[in-house]
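Trainee: I have the model open on my screen, could you walk me through it?
Mentor: Gladly, let us look at it together.

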Amino acid sequence: MFSPFSSSASQQTVNQQNVAMAEQELEMLTDTFYRIVDSCYKKCIPPKYTEGELNKGESVCIDRCVSKFFDVNAKIGEAIQKKGQQSGIGGSVTGFGA
Amino acid sequence: MFSPFSSSASQQTVNQQNVAMAEQELEMLTDTFYRIVDSCYKKCIPPKYTEGELNKGESVCIDRCVSKFFDVNAKIGEAIQKKGQQSGIGGSVTGFGA
Amino acid sequence: MFSPFSSSASQQTVNQQNVAMAEQELEMLTDTFYRIVDSCYKKCIPPKYTEGELNKGESVCIDRCVSKFFDVNAKIGEAIQKKGQQSGIGGSVTGFGA
Amino acid sequence: MDFGMYNDAERQQIQKIIEQKQMRDFLKFYTNLVDRCFNDCINDFTSKSLTSKEEKCISYCTDKFLKHNERVGQRFGELNQQLMQQQQQS
Amino acid sequence: MDFGMYNDAERQQIQKIIEQKQMRDFLKFYTNLVDRCFNDCINDFTSKSLTSKEEKCISYCTDKFLKHNERVGQRFGELNQQLMQQQQQS
Amino acid sequence: MDFGMYNDAERQQIQKIIEQKQMRDFLKFYTNLVDRCFNDCINDFTSKSLTSKEEKCISYCTDKFLKHNERVGQRFGELNQQLMQQQQQS
């Protein structure tokens with residue numbers, strides 16, 4: 001990434017609002033990840049453990065579960081926006097694609 | 001609220017302890033609200049959805065559930081205070097009437 | 001603790017990293033405590049209340065439950081470290097013995 | 001909350017805090033909504049895409065959760081105000 | 001916690017942090033208590049006010065939860081101290 | 001995340017935040033793991049020490065939870081990247 005001709009980072013001004021925004025997006029992204037881990041574990045992994053591997057059925061279930069979570073998240077995001085109950089917050093509230 | 005003769009806000013000194021106290025009361029109030037939303041949803045809304053409206057039974061259940069939550073909150077607050085286990089914190093710990 | 005010959009606290013320099021470390025250990029310790037309270041309540045206290053005392057069976061169950069939680073916590077901590085997935089974080093991640 | 005005890009400058013700062021809180025509160029509401037409706041409605045993992053039954057369930061669940069929040073909010077506001085009045089009289 | 005590694009000034013600051021934490025910890029304890037006892041005891045929504053059966057349940061549940069916390073706290077303290085001693089010896 | 005919109009100085013600061021976050025995220029992962037496996041595997045309180053059945057369960061549960069996290073992470077990364085590309089095109 002280093003280039004002798006680019007201005008060095010230490011001379012650039014840091015827009016604290018940019019940094020705060022990035023931090024909030026990061027928080028949202030990891031929060032969403034942990035919520036999916038939790039929901040899909042409940043849906044796909046039966047709580048009796050006879051082996052440490054994910055079997056075929058569990059693996060497929062996880063893939064579909066994550067995909068469906070994204071779909072539900074998007075669908076509800078759109079519905080909420082359509083109701084106009086939160087004008088001005090917009091598409092990034094879904095915690096995805098940040 | 002504006003009066004030409006009152007001291008302007010910018011000249012008043014801000015007691016940071018007052019502001020912190022208000023912030024904490026606000027946090028407690030919204031935390032309590034979300035806990036009631038959660039508890040009363042579990043108590044009153046059966047998780048099979050055949051319509052988007054609240055029906056009569058659900059609506060009445062919600063009203064009573066919120067009311068009972070306030071009563072339980074107050075009752076337990078009094079019991080704890082009577083046991084003197086938290087002298088000095090007093091009535092505002094209940095998260096209501098803040 | 002007072003000794004006339006020791007340097008007074010006000011002249012010592014505070015290493016903010018030490019203080020931050022102590023704060024984090026304290027957070028972890030109380031977080032672990034509340035998680036045990038929660039897990040062991042679910043395991044040991046049946047949710048029908050016919051008295052305010054802990055009976056003999058409940059008391060013994062709590063003692064064993066706390067002990068088993070420590071064991072499970074240590075066991076999983078070792079397993080994770082063995083897998084080398086978090087080199088550099090070491091033994092204090094378990095939230096005990098802080 | 002009763003703001004009678006604060007001066008104007010303090011009220012301004014508290015107002016700012018409330019505004020910052022609203023975004024966080026909306027996000028919390030939104031994630032609660034998604035978690036609840038996902039957990040209640042999605043139980044078929046024989047395919048990758050949402051079934052029409054699941055889509056309908058999500059839509060109803062969203063509406064119901066919104067209305068539930070609203071109704072709890074109304075009752076909460078009323079009861080909280082009653083409590084404040086009682087405290088001022090006593 | 002073992003404070004042996006900190007100097008006096010650091011200990012003073014840590015002490016302050018502990019005091020601030022106690023208020024938050026009490027609130028957390030209190031909200032856990034209310035949530036648990038409400039969820040376990042309140043299941044009758046045919047009337048607006050608490051039944052005498054519910055009131056008794058809340059009172060027992062409160063006492064039991066307090067005693068449970070105390071007992072877990074005792075065991076937790078003992079086991080944590082054992083662990084610290086083991087770590088110092090090894 | 002798409003860092004294209006930030007300058008180098010901002011990226012450096014964001015990088016620092018990410019590093020601080022990793023420790024917290026690991027702790028969260030670890031406590032989730034312990035809570036889940038304890039709750040799923042430990043149900044025998046007739047003795048103080050773990051039974052061999054419980055030990056085996058904890059070991060399987062740990063492995064399964066790790067692999068579950070990994071797999072969710074892979075899918076999450078893929079789908080999130082797709083979403084970002086769609087947003088840039090629209």
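Mentor: What follows is a short talk about helix packing, the nonpolar core and a few single residues.

Trainee: What kind of model is it, and how are things numbered?
Mentor: It is a predicted model, in which local features need pLDDT of at least 70 and side-chain atom pairs count only at pLDDT 80 or more, while totals for chains, interfaces and linings use all residues. Residues are numbered from 1 along each chain as its sequence is written, chains are lettered from A and ligands numbered from 1 in the order in which they are written, and side-chain values use heavy atoms, with hydrogens and water left out.

Trainee: OK, how many helices and strands are there in chain A?
Mentor: Chain A has two helices and zero strands, where helices (H or I, at least four residues) and strands (E, at least two) are DSSP runs numbered from the N terminus. Of the 98 residues in chain A, 44% are buried, that is, under 20% relative accessible area with a 1.4 Å probe and protein chains only, whereas exposed means over 50% and partly exposed lies in between.

Trainee: At what angle do α1(A) and α1(F) pack?
Mentor: Helix α1 of chain A, residues 16–44, and helix α1 of chain F, residues 8–41, pack at about 20° with their axes 11 Å apart; the axes are lines fitted to C-alpha atoms, for helices over the stretch in contact, and angles run from 0 to 180 degrees between N-to-C directions. The two helices are therefore roughly parallel to each other, since angles under 35 degrees count as roughly parallel, over 145 as roughly antiparallel, 65 to 115 as roughly perpendicular and the rest as oblique.

Trainee: And which residues make that contact?
Mentor: On the α1(A) side they include Ala22(A), Leu26(A), Thr30(A) and Tyr34(A), and on the α1(F) side Ile14(F), Ile18(F), Asp25(F) and Phe29(F) are among them, with contact meaning heavy atoms within 4.5 Å.

Trainee: Is Asp25(F) buried or exposed, and what does it touch?
Mentor: Asp25(F), which sits in helix α1 of chain F, is buried, with a relative accessible area of 16%. Not counting residues up to four places away in sequence, Asp25(F) touches Thr30(A) and Tyr34(A).

Trainee: How do α2(A) and α2(F) pack?
Mentor: Helix α2 of chain A (residues 56–82) and helix α2 of chain F (residues 52–89) pack at about 40°, with axes 10 Å apart, and α2(A) and α2(F) are therefore oblique to each other. Their contact includes Ile62(A), Val66(A) and Phe70(A) from α2(A), together with Val72(F), Phe76(F) and Leu79(F) from α2(F).

Trainee: Switching topic, which residues touch the most other members of the largest nonpolar core?
Mentor: Ile76(A), Ile76(B) and Ile76(C) do, in a core of 117 residues, where a nonpolar core is a set of buried Ala, Val, Leu, Ile, Met, Phe, Trp, Tyr and Cys residues joined through side-chain atoms within 4.5 Å. Leaving aside neighbours within four places in sequence, Ile76(A) is in contact with Tyr30(D), Leu33(D), Val34(D), Cys37(D), Ile58(D) and Thr62(D).

Trainee: Where does Asn73(C) lie?
Mentor: Asn73(C) lies in helix α2 of chain C, residues 56–82, and at 0% relative accessibility Asn73(C) counts as buried. Asn73(C) and Thr32(C) are 41 residues apart in sequence and 9.8 Å apart in space, C-alpha to C-alpha.

Trainee: What about Gln81(A)?
Mentor: Gln81(A), in helix α2 of chain A, is partly exposed, with a relative accessible area of 38%.
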